[in-house]
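Trainee: I should be grateful for a close look at a single part of this protein. Please take the open sheet, and then follow the chain into its surroundings.

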Amino acid sequence: MGATDSMAKSVDVAVENVGGIDRTSVSFTSGVTILTGRNATNRTSLLQAIMAGLGSDDVSLKGDADEGHVEMTVGDETYTRTLERKNGTVVTSGDPYLEDAEIADLFVFLLESNEARRAVELSENLRDLIMRPVDTAAIEDEIEALQTDRDQIEQRLDDLQSLRHTLPDLEERRTELEAEIEQKRQELEEKKEQIEDADQDVGTTRDQKAELEEALESFRDARSDLEDVRYNIESERESISALESEIDTVETELTDLPQEVSGDVTEVEDHIERLREQRQALDSTVNELQKVIQFNEEMLEGTSSDVVAALRGGDDAEQVTDRLVDDQVVCWTCGSEVDQSDVETTLDRIRDLRQEKLSERQDLQSEIDDLKTEKATYQEQKRQRSQLEDRLQRAESELEQRRERVSNLEDERGRLEDRIDELETEVEQLQDETQSDLLDLHREANELEFEISRRQDDLEDVSEEIERIESELDRRDDLKEEREGIQEDIEDLRTRIDRIEVEAVEQFNEHMESVLEMLGYENLERIWIERKHEQVKEGRRRVEKSVFDLHVVRSTDDGTTYEDSIDHLSESEREVTGLIFALAGYLTHDVYETCPFLLLDSIEAIDSDRIARLVDYVSEYAEYVVVALLEEDAQALDDAYQRVTEV
């Protein structure tokens, strides 16, 4: 991705078959570059070519060409873009300056159709537009993930607190086991002394004693193995029970999810696309109606008397003005005199029609928003279903493995039980062949050794658990610090959207105030955005969201101020407001860091002197400002600015 640096870089653009251009190349350096000429001289096409090189897809291919190319060199780096006509649409490819041009389409490429500029004219949702580059869904997902991490840490801290209360019991159990082991060892020593005394009195052969000892040892080992197997079976069955419960839960959650319909998302996307096309058609109609209204208002106010004079065969301005004092006006269609009230009535009907179209557009936008929410719902349900199905598959696979393990353990348990029965029979036979008292002593000694061994195992487990708990308790401060850090991250994410909204409003209000003061519009005191929270419709429910209200404040000749409607802004005032709104987005999202360009076109509604001052103003915020102007408007700009007169 491109980036700015402290050294001025030249920009070279070679274009073939883009817009209305056959083939051309231009060069410019940092600062302001003016594309000047009459209408239909491919100035807009050149801007589109620059947009294509920067990464935009909102470009057109020359009508008689199937393929077009743009090569843009910025400093030592060269970027290419190819446009191909395929199945009636233009497909782009190549290596542009920007990896993703969405934010540049909003706040860098300020041509007539730019959405940020149109948002003011069409009374769009300014807040949603300025926040579009912010992936709020990703922020919410990140917050949710951090909350899960925080909850896990809090659960761990709660567990540690519970473990802390178990330490006294564990330490008491360790002391008891140590005492029991010592007692059993003493009993074993006494038993060994008894066996030694009995050996001196009994004529039992050494072979018989050895055989009995071996049988008793095997019996003890088999019994220990059986206990281990029984414990493992119990543990596996607990895991099986937990898995069966989890499977029931997942199956219930899957049942509660709506049935998946594969065509839902595609149908919704197609519907959204159709509605967008209808909205674009309405945008075009509203734009045309606004131009008609603006022109007629100027004619009624007498500010276009040159046109009237031309229609009246060259009457001077004074004569025209005299006529305008009367109730009669000159029809600028046929040149005849008509009642002003008739024109105003017709104009009111056009205004009503424009308002109807705006209302239709708002309804379409609301329906599009509903469908977007519906699409997101389908996608979320699909994601949830996929996760639940994966979870179910893993649980069922593990359940099958554990059931098989239990079956194997039960087989092992049966084998050990049979082995113990055999060993018991063998020991009984050996006891019959020797003196039972001595055998009893050996058996009792073996049992004591077994009990000592089991208690030593228990003591080792208890000691390890005490050490583990003490080690875990030592981590409490680290866990608390980690929890605080996560909470700070959560708060930062929660306030990120608010900070961006506040900054956008501040940027707009600050620059709008400076520009209005600089341009000096008569009786226009202030244009500003108020950020407030309202209940708005989101899909099929109402939620609280912040909204941006655009306010217009005018003043009368005696200095009294009053709030006016956005609809009453002149075309020039609308264009300036739209440009400043786009500039606010440019600065709020730090677009200049990745795309140091600003492209301006179709600003003829602003008079030449104001265009010059406005271009000077915006040139402070971008390294490269490229503006397309008519020759008469370009004359008002600084002679030091670069000019491209032939495309």
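Mentor: In this predicted model, the open sheet consists of five strands in the order 7-13-14-3-15, with parallel pairing. Its edges are formed by strand 7 (109–110) and strand 15 (642–644); each has a single partner strand, so one side of each is left without a neighbour in the sheet.

Within the sheet, strand 13 (residues 597–600) pairs with strand 14 (residues 624–629) in the parallel sense, through four bridges. One position that shows this pairing is L600, which stands opposite V627 in strand 14. As a rule, side chains in a regular strand alternate between the two faces of the sheet. Helix 14 (residues 608–618) lies across strand 3 (31–36), strand 13 and strand 14. The angle between helix 14 and strand 14 is about 165°.

Strand 13 also leads to the nonpolar interior. F597 belongs to the residues with the most contacts inside the largest nonpolar core, which has 120 residues; the others are V13, F508, I527, F581 and Y586. Y586 in turn touches F597 itself, along with F107, V108, V591, Y592, C595, P596, L598, Y621 and A622, if residues up to four places away in sequence are not counted. Apart from this core there is a second, separate one of eleven residues, including L243, L257, L388 and L399.

Helix 13 (residues 571–588) deserves attention next. Of its 18 residues, 17 are buried, so helix 13 is largely enclosed by the rest of the structure. Its length is also as expected: at 1.5 Å a residue the 18 residues should span 26 Å, and the end C-alpha atoms are 26 Å apart, which agrees. An α-helix has 3.6 residues a turn, so residues three or four places apart point the same way. Just after helix 13, D590 adopts a positive phi of about 50°.

V13, another of the residues with the most contacts in the largest core, takes us to a further set of paired strands. In strand 4, V13 has M72 as its bridge partner. Six bridges connect strand 1 with strand 4 (residues 67–74), and this pairing is antiparallel. Strand 1 (residues 11–18) is also joined to strand 2 (residues 21–28) by seven bridges, again with the strands running antiparallel; here A14 stands opposite S25 in strand 2. Strand 1 and strand 2 form a hairpin with two residues between them, and G19 in the turn has a positive phi of about 60°.

Notes
Residues are numbered from 1 along each chain as its sequence is written. This is a predicted model: local features need pLDDT of at least 70, side-chain atom pairs count only at pLDDT 80 or more; totals for chains, interfaces and linings use all residues. Side-chain values use heavy atoms; hydrogens and water are left out. The expected span of a helix is 1.5 Å times one less than its number of residues. Buried means under 20% relative accessible area, exposed over 50%, partly exposed in between (1.4 Å probe, protein chains only). A nonpolar core is a set of buried Ala, Val, Leu, Ile, Met, Phe, Trp, Tyr and Cys residues joined through side-chain atoms within 4.5 Å. Contact means heavy atoms within 4.5 Å. Two strands pair if DSSP finds at least two bridges between them. Axes are lines fitted to C-alpha atoms, for helices over the stretch in contact, and angles run from 0 to 180 degrees between N-to-C directions.
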